[in-house]
Amino acid sequence: MFQAVPGSRTLRQTTGALGAVALMALGATPAVADDSTPELVLGEIAPVTGLKPGSAFDVPVSFTNTGTEALGKVWLSYSLTQGLSHTELPSNCARYEVGSFDEAPSYSYAVCEFDQSVEPGIVYAPEKSPEFKALGKAYTDELRAVVAADDPAPTEGVDEGPVPGTGPAVKLVEQPDATPAAPGSGEHEGWDAADVPVTAVNTADFQVSGAKLKGKVGETLSFEVKFTNAGPAWVRRESGTGATKVVVQMPAGTTVTKAHGFCDKIAARTYECGTSQAWVDPGDGQTYTFKLRIDKAVAGAKGSVKLAGEPRPFDENTANDTAAILLDVAGSGGSTGGGGSTDGGGSTGGGGATATPSGDSTDGGGSTSSTGGSTTGGSSPLDGDLASTGSSSTLPLAGAAAAAVAVGTGAVLVVRRRKTRR
């Protein structure tokens, strides 16, 4: 998910049978780990659906201390994906803005501190539910609620914050009519989290632009085609996938000598291109650059750029889902691509890029290993593995553990886990 797991957690492991035997031989008693750790469990939170951009909504959050001892302080935090925003926060809360990184989009994060006793077996909730707002670009968003016994404030990637709340402080109140969570039902030590889908009724116009090419036989041209989200909504796909796919087909009589790094060859003169992230903001998108050698003039030849990939129920304008790649070969009597779009009714690509001659005539045609390129929003692609390039990719996982237990001398190993994003 898109936020850090709050607090550090401790993993306790006992030594094996051999160590126990050695301890017995020494007349020692194995150390016993302290199991009186707090357990916090959130109540059920219903999804929020059917919002209109600009409207406000609240999300009631409750929790139970299922441990055996009272807690002197707890924190509730609320993370919002970028189609949502916080409204006025109480003075015992603070807001953080965390920028996008890796495959996580940016989000807004509010942390509220409750300096009061939380007794076991009782359901608590803020006396006033926090209020949020659906922005103009809201569509398939998410709210993550976290209750924690340690301060879960983000420490990495913070662009802004903490910004203290200005509203009246809010306290926790008991909920006598609510059913408390059962003892031992907590899944984590000292915290619990819930991801709540928040959807708005909105649209996003995905569109492509083609290119007008002009050259002579034997010449290699450099050109670009584009995918753009014209909004108004942002679109967020499942992490690890691309926002969409674009199929680029070159005119007959040509050879691709260099393809964009996000594109894979899937057929003769045909490439499937992905995006650098699993989401795309309004006004953003992807630019794909190619180098194309003109091998011969072919009457009536033309290329195309088409949106493909996952269904787009949010996109009501399909007229700009296809654009043309027009090729004018010198001495062949004019453009070989004609003036219309492929499949009829689509964009002609008249607003697309005009090719420039290139001195690079390196033979090729498959996708390159480069991850270079540019997006229409001005941000550069990520280094390393991409969300979707048409090829499978493996996200590297890193971890390390080291422990040595001398026989008869130790019975408990404590390993601290670092916070990780989920």
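The chain exposes about 20,000 Å², of which carbon and sulfur atoms supply 50%; accessible areas here come from the Shrake-Rupley method with a 1.4 Å probe, and for residues only the protein chains shown count as cover. This is a predicted model, in which local features need pLDDT of at least 70 and side-chain atom pairs count only at pLDDT 80 or more, while totals for chains, interfaces and linings use all residues. Residues are numbered from 1 along each chain as its sequence is written, and side-chain values use heavy atoms, with hydrogens and water left out.

Of the 422 residues in the chain, 44% are buried, where buried means under 20% relative accessible area, exposed means over 50%, and partly exposed lies in between (1.4 Å probe, protein chains only). The chain contains one helix and 31 strands; these are DSSP runs numbered from the N terminus, with at least four residues for a helix (H or I) and at least two for a strand (E). Among the contacts (heavy atoms within 4.5 Å) with a separation of 6 or more, 83% are between residues 24 or more positions apart.

One part to look at is an open sheet of three strands in the order E4-E11-E7, with antiparallel pairing; two strands pair if DSSP finds at least two bridges between them. Strand E4 (56-58) and strand E7 (84-86) stand at the edges with a single partner strand each, so one side of each is left without a neighbour in the sheet. From one strand to the next, the twist averages 35°, taking axes as lines fitted to C-alpha atoms, for helices over the stretch in contact, and angles from 0 to 180 degrees between N-to-C directions. E7 and E11 pair over three bridges in the antiparallel sense, and His86 stands opposite Phe132 in E11.

The aromatic rings offer another view, since the structure holds 10 aromatic pairs. Rings of Phe, Tyr and Trp (its six-membered ring) pair if their centres lie within 6.5 Å, and planes under 30 degrees apart count as stacked, over 60 as edge-to-face and the rest as tilted. Tyr139 and Phe314 form an edge-to-face pair, 5.7 Å centre to centre with 75° between the planes. Tyr139 lies in the loop between strand E11 (131-134) and strand E12 (140-148), and Phe314 in the loop between strand E26 (303-308) and strand E27 (322-329), so the pair ties together parts that are 175 residues apart in sequence. Both Tyr139 and Phe314 are buried, and they form one aromatic cluster with Phe206 and Phe227.
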